[in-house]
Amino acid sequence: MSTDTEAASAAVEKREITYNDGVVRQFVAASMVWGIVGMLVGLVIALQLADHRLNFGPMLSYGRLRPLHTNAVIFAFVGNMLFAGIYYSAQRLLRVRMASDALSRVHFWGWQGIIVAAAVTLPLGFTQAKEYAELEWPIDLAVAGVWVVFAVNFFWTLYRRNEKHLYVALWFYIATVVTVAMLYIVNNLAVPVGLFKSYALFGGAQDALTQWWYGHNAVAFFLTTPILGIMYYFLPKAAGRPVYSYRLSIVHFWALVFMYIWAGPHHLLFTALPDWAQSLGMVFSLMLWAPSWGGMLNGLLTLRGAWDRVRQDPVLKFFVAALTFYGMATFEGPLLSIKSVNGLAHYTDWIVGHVPEGALGWNGFMAAGLFYWLVPRLYGTKLHSKSAADAHFWVGTVGILLYVVSMWVSGISQGLMWRALNESGGLQYPNFVETLEVLKPMYWARAAGGTLYLSGMVLMVWNLWKTARSGAPVDGRAEVLVTPSEEPKVGWARLLFGPPVVLSAVLLGLFGVAAVVNDTASVTLAAVAVFAGVFGVVALQLSQSGAKVTWHRLIEGRALVFSALTALAVLVGGVLELIPSLVMQETDRTVTRTNPYTPLELEGRDVYLREGCYNCHSQMIRPLRFETLRYGEPSRLEDSVYDHPFQWGSKRTGPDLAREGGRYPNLWHYRHMTDPRSTSPGSNMPPYPWLATQRVDWSRTQGKLEALHAVGVPYTAQELSTATDTGHAQAQAIVRDLANDGATADPDSELVALIAYLQRLGRPQGAPGSPGAPATPTTPAAAGTTPATATH
């Protein structure tokens, strides 16, 4: 007996661990600095929408600053915050120091370098013009490289761990590391033209589906899953209570990572995207209600028995408010994916109001709670001012609510005015600016809310700076007893093909077949799948009720298997959603009647993208009566088949431009770009006088056409070789037309190129007079027969 005891004791190894908290302090500081910068830029653009006179030149115009704001808040503020939370909690959950201090340093400084590069290039106009993916290809390569560094360091640490069991927070971290890499790489595939210019590999509807597969899931796997992991670690720590339900956390995790990846198409309802893709996105968005609220409730119920502390502890205040805003955002998201609601809300400020619930309420307040909990421990001291933290909470809460409510009112008003019809069946507000002028008070209210939220952030930075100054940097230490694993030996096949995996595969197969067969068989198979699911779950519960170690408990001790199953759950939705779109796009290219852009129109389109016009204008007319009355016939897939990237848009501060060509003469566009109020009194569009003096670089035009030819745009060899001459000829024609109306323009100016592009929109075979185009207009919009004006 004593021999056995001595052997067991000898097998136990005691280790002293000093955690790498230096990198955590760096990420916390960077998050706070970039948070102030990103929100300050957000306040500037909010004021620019309220008063156009606050646009100052090209680099400080709304179109270039908005992508800087979104990237700063998402990737700089939240990104640095989630890295701080992951590095701190992962080391303690795994009871081991990060595998490589060098990789941690490369990760930190590489990420800051990417943020600085974004802060420089976006105001200069270097952009891919894809929402949340604006950064050009050299920076994309840097993002991928730094993410690989982070992934290697993370999984290497998992491999070296002293705690074999993976706690729930680590599940969400694994999902984040695996999925973000896949999303970012696929969506940013592009053909470079120069150092800071490229064209997306995908175009038209294919690019739209790929972009919102990425865009929606960037929200899911960058702004949600890692923050949920942080919640699962830091909320119980702050409350001194265990997580409410282990089983609920299992359901929450797997349902979330599987369902989220399918929901992207709900951003494209009523567009030219095929109905099956739209319906798929809507259904999975509605199903997301359950796991999202399951996670919220699991967090809130963790506080059972500790609610009295919420009144006194600012950390718990922020965590509870963050979870509440998470619940609001994940309720409103599925609500907005219902077609009847989406028809009213899409393209309006309601969508803008939805965003801060997640970015400022969920992410921002989780960051505040995390920092108020972390910084005193990282510096071995107490929080400088609890009353200042409480003040931050109330100022920030009022700021978010003012922001959100003002955008709700603005968006619903906007949507109702767009669709209002008079007694004769025409539009009640045919002039778009009429619907804009009534929103100005709400824009000022939003700016006021943003000011309050920013003030709270500044107060937090001051409070935590004073806290750090009162202490000194402290790295956490722990004494770890490493014992041999007592888990049973189980083969990989049994884990990878365990009963839950098999059941999931069967259900997915049944629903997949149901989607492609006739109606009767579809209903039958769906019913079979539902019954199989219900009885399968019951059978699994009964089979494991007496087991000492469940299947899920086994995979929680095997990081590689768990990561593989997580990747599989994500890949299933991604592959099944994207592959049909690849086939769809190739079909569209074989039947389209659309001609590619001429060299001058392409140069004008690049100006349109550079100036960020896509932030305020859509190019997608939905098949809704009030839209066709205002803009013309609904958009078709072939209209944008050669658009790399697509420009369907997500917000209309100005009118839709899908059928803009021929609606107004060249002189109108000339005056509108240099002084928008001269053609559209009341417009909040900034002027673009520099376009009249900046010249097109014709030396790059042929290279641009060759890059587009490489991604499938059918330019002929002659069109490629004569690109410059063709562009000059079309420009001269526009300049002569302007001269006839008394305006003088440089044929090589970017303004002339932009006019050519705008006059092409809605004319699939080209504007009259352009190379290869018919001599007369070919669409109702081009012919000027659209029954309502849509003044910008």
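Student: Is phenylalanine 562 buried or exposed?
Tutor: In this predicted model, phenylalanine 562 has a relative accessible area of 0%, so phenylalanine 562 is buried, since buried means under 20%.

Student: And how many aromatic pairs are there?
Tutor: The count comes to 49 aromatic pairs. One of them joins phenylalanine 75 and phenylalanine 222, a tilted pair with 5.3 Å from centre to centre and 55° between the planes.

Student: Where in the chain do those two residues sit?
Tutor: Phenylalanine 75 belongs to helix H3 (residues 62-94), whereas phenylalanine 222 lies in the loop between helix H7 (204-221) and helix H8 (225-239), so that the pair links parts of the chain 147 residues apart. Both phenylalanine 75 and phenylalanine 222 are buried.

Student: What about tryptophan 254 and phenylalanine 562, why is that pair called tilted?
Tutor: The ring centres of tryptophan 254 and phenylalanine 562 are 5.3 Å apart and the planes meet at 45°, which is neither under 30 degrees nor over 60, and therefore the pair counts as tilted. This pair, too, links distant parts of the chain, with tryptophan 254 in helix H9 (residues 246-260) and phenylalanine 562 in helix H23 (residues 559-591), 308 residues apart.

Student: Back to phenylalanine 75, which cluster holds that ring?
Tutor: Phe75 and Phe222 are both members of one aromatic cluster, which also includes Phe27, Tyr87, Trp109 and Trp147.

Student: New topic: which rings have an arginine over them?
Tutor: Among them is tryptophan 373, with arginine 377 over its face at 3.9 Å from the ring centre. Another is tyrosine 379, where the charged end of arginine 25 sits over the ring, 5.9 Å from its centre.

Methods. Residues numbered from 1 in each chain as written. Predicted model: local features only at pLDDT ≥ 70, side-chain atom pairs only at ≥ 80, totals over all residues. Heavy atoms only, no water. Phe/Tyr/Trp six-rings, centres within 6.5 Å; stacked < 30°, edge-to-face > 60°. Helix = DSSP H or I, 4+ residues; strand = E, 2+ residues; numbered from the N terminus. Buried < 20%, exposed > 50% of the residue type's maximum accessible area, 1.4 Å probe, protein only. Lys NZ or Arg CZ within 6 Å of the ring centre and 35° of its normal.
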